[in-house]
Amino acid sequence: MSDEGFEQEFVKEAFDTGWITPLGKNVTEFENEFAQKVGVSNAAALTTGTAAIHLALKSAGVGKGDIVFCPTLTFSASANPILYLNAIPVFIDSDLTTWNMSASSLEKAFKKFPDVKAVLVVHLYGLSTDMDKILDICKNKNVPVIEDAAESLGAYYKGQHTGTFGDLGIFSFNGNKIITTSGGGMVVSEDSEKIAKIKFWATQSRDKARHYQHSEMGYNYRMSNVLAGIGRGQLKVLDKRVAKKKYIFEFYKRELAHLDGLEFMPINKWNEPNYWLSCILLKGKVKPLQIMEALEKDNIESRPVWKPMHLQPFFEKYEVIDGEISQYLFENGVCLPSDTHMTDEDLERVCITIKELWK
Ligand SMILES: *Cc1c(COP(=O)(O)O)cnc(C)c1O
């Protein structure tokens, strides 16, 4: 799992100092180093990105019966924590220029649900939402913004790190993300009290007392010291990973961009993505399934773009504002293999297989 070896050092330290307990030096240091890396004042390391979304929403005051706006084009982990809190998701469409939350659909949503409690935005595939537009709308209405930056560690919007614009931002270190602790998450905020409260909830809401005393419901969501050691090592290779992901994207672009009806995911001039996955959109006669099947024959895995929440059996009973663009992206998008271990030969093989379909 480790391609660079910094992890062993920190994990060994956790063992050597007897801190194989939930809390210890690696957790605090990982939080500090992470906060510094993304340019924010406070961070709390948790067990998963999903747990981070759960406590960020709770911190924003979301509770029973509250409405939360959430993009429909995302992974289900963005939406599930809304339900953990017995709140109600309203799904918002994407726009074609960012693949992320559409400002015009968001405006419509505010007209229909003016008493919304929080807005969750997602930076899909390491692209960024057009934050200025979204923040303008939300600040105007005085509604807190939470950023799901699970896929966008290392991605910037107008020079500022994604996940640091909202009241709270979350990140994930799940196995499939750009850096990983095998499982883990982080909440960040400029508000130190919010982060202190999240750490309190995440450690079973133990009051300051010698005996075990609880005045609030608690969670067991704190990251372990050993995994935080892995995180510290992984953080050191983030820039290298982003560079490799960008190399992969540019390789595909060089080889495939000329194909009729094939377009790449939108890179806006204000966006410095982390290129977590290289995604394409098919507008001509070659369809996503043909590409996925051709690659599969060659034992290469590729995936469709996320299936929108409003088309999911479990979530379809909730309201969606627009939704056609997200559905279009799902039906016509493909995520190409983007693992940082891929060699030029691997990338070449993918490109040859795809180009065959145009012959
Ligand atoms: C991975 C992911 C999450 C959840 O993170 P976990 O650490 O796996 O719980 C949330 N949102 C998005 C958009 C993700 O891709």
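In this predicted model, the cover over the buried residues of helix α7 includes β1 (42-46), α3 (49-59), β8 (168-172) and β9 (185-189). The helix itself runs over residues 192-202, and its buried residues are Ile195, Ile198, Trp201 and Ala202. These four sit on the same side of α7, because they cover an arc of only 120° around the axis. Trp201 also has a charge for company: the charged end of Lys58 sits over its ring, 4.9 Å from the centre. Both ends of α7 are worth a look. At the start, a side-chain oxygen of Asp191 comes to within 3.0 Å of the backbone nitrogen of Glu193. Just past the other end, Gln204 takes a positive phi of about 65°.

Two further residues share that backbone habit. Most residues other than glycine have a negative phi, yet phi of Trp99 is near 65°, and phi of Asn142 is also near 65°. Their surroundings are another matter. Trp99 lies in the loop between β3 and α5 and is buried, with a relative accessible area of 1%. Asn142 is found in the loop between α6 and β5 (145-148) and is exposed, at 71% relative accessible area.

Right before Trp99 comes Thr98, in the loop between β3 (88-92) and α5 (103-112). Thr98 counts as buried, since its relative accessibility is 3% and the cut-off for buried is under 20%. Its side chain makes a polar contact of 2.8 Å with the side chain of Asp95. Setting aside neighbours within four places in sequence, Thr98 touches Leu127, Ser128, Asp130, Pro266, Asn268 and Trp270.

Aromatic rings are another thing to follow through this model. The count comes to 19 aromatic pairs. A pair of this kind is described by the distance of the centres and the angle of the planes. For Tyr125 and Trp306 the ring centres are 6.4 Å apart and the planes stand at 10°, so this pair is stacked. The two partners come from distant parts of the chain, 181 residues apart: Tyr125 belongs to the loop between β4 (118-122) and α6 (131-141), and Trp306 to the loop between β13 (303-304) and β14 (320-321). Tyr125 is buried, with a relative accessible area of 1%, whereas Trp306 is partly exposed, at 22%. That label for Trp306 follows from the cut-offs, because 22% falls between the 20% limit for buried and the 50% limit for exposed.

Phe249 and Tyr275 make a tilted pair, 5.0 Å from centre to centre with 45° between the planes. Phe249 lies in helix α9 (residues 238-256) and Tyr275 in the loop between β11 (271-272) and β12 (278-282), so the pair ties together parts that are 26 residues apart in sequence. Both of these residues, Phe249 and Tyr275, are buried.

Back with Tyr125 and Trp306, the picture widens: together with Phe75, Trp99 and Trp276 they form one aromatic cluster. The buried Trp99 with the positive phi thus turns up again here. Elsewhere, Lys317 lies over the face of Phe314, at 4.8 Å from the ring centre.

Trp306 keeps plenty of other company. Beyond its neighbours within four places in sequence, Trp306 is in contact with Leu73, Thr74, Phe75, Leu124, Tyr125, Glu151 and Phe330. Two of these contacts, Phe75 and Tyr125, are also members of the aromatic cluster. Trp306 and Thr72 are 234 residues apart in sequence, but their C-alpha atoms are 9.3 Å apart in space. The side chain of Trp306 also joins that of Glu151 through a polar contact of 3.1 Å.

Glu151 leads on to the ligand. The ligand is surrounded by 16 residues, and the closest are Thr50, Asp148, Glu151, Ser172 and Lys177. Glu151 therefore has a place in both settings, among the closest residues to the ligand and in polar contact with Trp306 by the cut-off of 3.5 Å. An oxygen atom of the ligand is 2.5 Å from an N or O atom in the side chain of Thr50, while a nitrogen atom of the ligand is 2.7 Å from an N or O atom in the side chain of Asp148. Lys177 brings a polar side-chain atom to 3.3 Å from an oxygen atom of the ligand.

Definitions and conventions
Residues are numbered from 1 along each chain as its sequence is written. This is a predicted model: local features need pLDDT of at least 70, side-chain atom pairs count only at pLDDT 80 or more; totals for chains, interfaces and linings use all residues. Side-chain values use heavy atoms; hydrogens and water are left out. Buried means under 20% relative accessible area, exposed over 50%, partly exposed in between (1.4 Å probe, protein chains only). Helices (H or I, at least four residues) and strands (E, at least two) are DSSP runs, numbered from the N terminus. The arc is that of the directions from the helix axis to the C-beta atoms. Contact means heavy atoms within 4.5 Å. A polar contact is a pair of N or O atoms within 3.5 Å; within protein, one must be able to donate a hydrogen and the other to accept it, and residues adjacent in sequence count only if both atoms are side-chain atoms. Rings of Phe, Tyr and Trp (its six-membered ring) pair if their centres lie within 6.5 Å; planes under 30 degrees apart count as stacked, over 60 as edge-to-face and the rest as tilted. A charge sits over a ring if NZ of Lys or CZ of Arg is within 6 Å of the ring centre and within 35 degrees of the ring normal. A residue is near a molecule or strand if one of its heavy atoms lies within 4 Å of it.
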